[in-house]
Amino acid sequence: MTDQDRTPREGDDARPRHSSAAPPGDADPRRFFPDSSGVQEGNRRRRRRGPGDPTTTGNIPIIRVQSELPDPTIEYRTPEPQHGAPPSYFEVRYRDEPASAEPMMRFTEPVTRHVETPGRHAEPARVDDALYSSPAGADTEPFYRDEPARQAVPQPPVPQAPVPQPEPQAPVAEPAAPQHQSTAPVYPRQPQAEPVVDETTVAAAPVEPFTEPTVQATPVSAPDILDAVDDDDSDTGEIPVHGGAMPARKKSRRLLFAIAGVILVAVLVLGGLGLKWLGVFESQTDYSSTTGSGSVLVEVPADAAIRDVGQTLTDAGVVGSQRAFVDAAEGGAGVSAGFYELPKGISAKAALEMMSGDDRRVGRFVVPEGLTLDSKKSSDGTTRPGIFQMISKATTFSTDDKQYGVTVDQLKDAAANSTPEQLGVPDWATAKVKELTGDHRRIEGLIASGAWEDIDPRLDARAILKDLITRSVSRFTAWGLLSGNDAGKSPYDELTIASIVEAEAQHEDDFPKVARVIVNRLAQNIRLQMDSTVNYTADVADIDVHGESYLADNKWNTYQHDGLPLTPIGAVGERALAATENPTPGDWVYFVTVDKEGTTLFAKTFAQHKKNRQVACRNKFLTVGCE
């Protein structure tokens, strides 16, 4: 923009400004502004916007020229020019320098400053500091004084230095910015020529403040790589990165495929296991023999399912397959837990029948109430096997590969010489057991009555006794030995009294009454004089005790010693223990059984007792002491 095209703004001086050079070919260096009247109404010229300029709108400076407004470029105090001299209200003067002198225009490097944009990294912006400073001092004398007859001296034109144009550069693709930010490149400003001003004749001209160019956001275009995206990924808007990480959608697909594969494998495995458990893939082989050959020991745990039993029999060679045994046992009563001695190679049906009875059971026996550890002969010539004999019989048998079982002597030795801890004796019986070390009868009464279904025949004598005593203590505890003790006796004494009740009474209704007689006699310091205590140590047990049996000097004979016998005299059951804990209220001190049916009569006095005993004599049940 030339000086004649520049419209003075508010605050500018209306006098003509100095120009750097006269246009070539123009003889008159002076320039005149055209008359405003000749300007078309509403003519608009573009110019740079100045601060505080009221004639500008937005970023596009506009000059409105109207006929009724004075032309701000006209000097109203124009002096009369001399004859033949050019007007002096607009004068262009040049420096008196030769053409070879240094050009009056020079270039300075733009200064870079950083402009912070929110959400983006700092970008450089170009600012020419020379625009904000005056090349001359403020006190320089202005060149437009009113001087009479001022004569302009024409100066030869000074060639202007060519303005270098920036070489075109290939556009560099910038990475796509986020959609919410404006990607506006900052263009460097063109170098500005700095005029060389004569310090003596040129006044400091006001410098226009620099205005930042308006930056408009350029639309972000997707890279050309979108053209190569597969159709499967085009709907997601995701751009695959070549040579880098895999797109998220493909990763998600692979992850989904992996999870689906794992689930499928798990379903197949679980399905296969389920089908195997149902026996779909199992063999249905079944033997036809009902007797088989040889024998083998088979254990059936207490919590085993019928399929587990079938598998155990199959592994032992008893039946042909698990499926065959399961089919045979379907709808049946099942199999009892315990140990079985079975032949090999039999049909599933035959195996099930053998296991349903007691003939093939081993390690199983039943202890009757009142049974002693030792076998006992009776007056009728029979022998009643003791607990040791039962254990030996239940555990002794042979298979194809081993001999099982323990003897009575082994059991007696273990009972007599093992420590209470090795035998599983409870704390409340330890003192009595230690007192009788060396006598196998010290554990009498510690093995409870009832059925013992699963005594392991593979154990030795000591282990078998420990197993029986430990489990018996659990039974006693469940029956109330340690909790219900209305008689005020110790657990061991309770057990001893209950053993006498087992041996003396035959009817359950008489158990609490017999217990009451024993408690009353002990309370009154009367000897018990129970025939059952005499028979415990006698070679032959007789209900009608007589002769030397009364005179036997041992700690179990209550005819010869006060109080309770040294140990219980037999196995105790739940009924006798409950009666001992809760005896029937009464003042009886005598009782006698009068017939074979077990009828028992109770008396408070000895005279009444003698009458009751005569009833037994008349019934031929007793012969001793009859008149």
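How many bridges join β7 to strand β8, and in which direction do the two strands run? The tour reaches this pair after a view of the whole chain. The model is a predicted one.

**The whole protein**

Begin with every residue selected. The protein contains 14 helices and 18 strands. Of its 627 residues, 34% are buried. The exposed surface amounts to about 37200 Å², and carbon and sulfur atoms supply 52% of that area. Among the contacts with a separation of 6 or more, 65% are between residues 24 or more positions apart.

**The sheet β7-β8-β9**

Next, select residues 293–300, which are β7, together with residues 338–344, which are β8. Six bridges join these two strands, and they run antiparallel. For a specific position, display V296 in β7: L342 in β8 stands opposite this residue.

Now add residues 361–362, which are β9. The three strands form an open sheet in the order β7-β8-β9, with antiparallel pairing. β7 and β9 stand at the edges; each has a single partner strand, so one side of each lacks a neighbour in the sheet. As general background, strands of a sheet pair through backbone hydrogen bonds, in either a parallel or an antiparallel manner.

**The packing of α8 and α10**

Move to residues 427–435, helix α8, and residues 491–504, helix α10. The two helices pack at an angle of about 75°, and their axes lie 8 Å apart. Because angles of 65 to 115 degrees count as roughly perpendicular, α8 is described as roughly perpendicular to α10.

To see the contact itself, show the side chains of W428, A429 and K432 in α8, and of P491, Y492 and L495 in α10; these are the residues that meet. By class, five residues of this contact are nonpolar, none is polar and one is charged.

**The loop between α11 and α12**

Finally, select α11 (511–523) and α12 (531–537) and examine the loop between them, where N525 is placed. Which sign does the phi of N525 have? The value is positive, near 55°, although the residue is not a glycine. By way of context, most residues other than glycine have a negative phi.

Q529 is in the loop between α11 and α12. Its phi is also positive, at about 50°, and Q529 is not a glycine.

Colouring by accessibility completes this stop. N525 counts as exposed because its relative accessibility is 72%, whereas Q529, at 39%, counts as partly exposed.

Notes: Residues are numbered from 1 along each chain as its sequence is written. This is a predicted model: local features need pLDDT of at least 70, side-chain atom pairs count only at pLDDT 80 or more; totals for chains, interfaces and linings use all residues. Side-chain values use heavy atoms; hydrogens and water are left out. Axes are lines fitted to C-alpha atoms, for helices over the stretch in contact, and angles run from 0 to 180 degrees between N-to-C directions. Helices (H or I, at least four residues) and strands (E, at least two) are DSSP runs, numbered from the N terminus. Angles under 35 degrees count as roughly parallel, over 145 as roughly antiparallel, 65 to 115 as roughly perpendicular and the rest as oblique. Contact means heavy atoms within 4.5 Å. Ala, Val, Leu, Ile, Met, Phe, Trp, Tyr, Cys and Pro count as nonpolar, Asp, Glu, Lys and Arg as charged, and the others, Gly among them, as polar. Two strands pair if DSSP finds at least two bridges between them. Buried means under 20% relative accessible area, exposed over 50%, partly exposed in between (1.4 Å probe, protein chains only). Accessible areas come from the Shrake-Rupley method with a 1.4 Å probe; for residues, only the protein chains shown count as cover.
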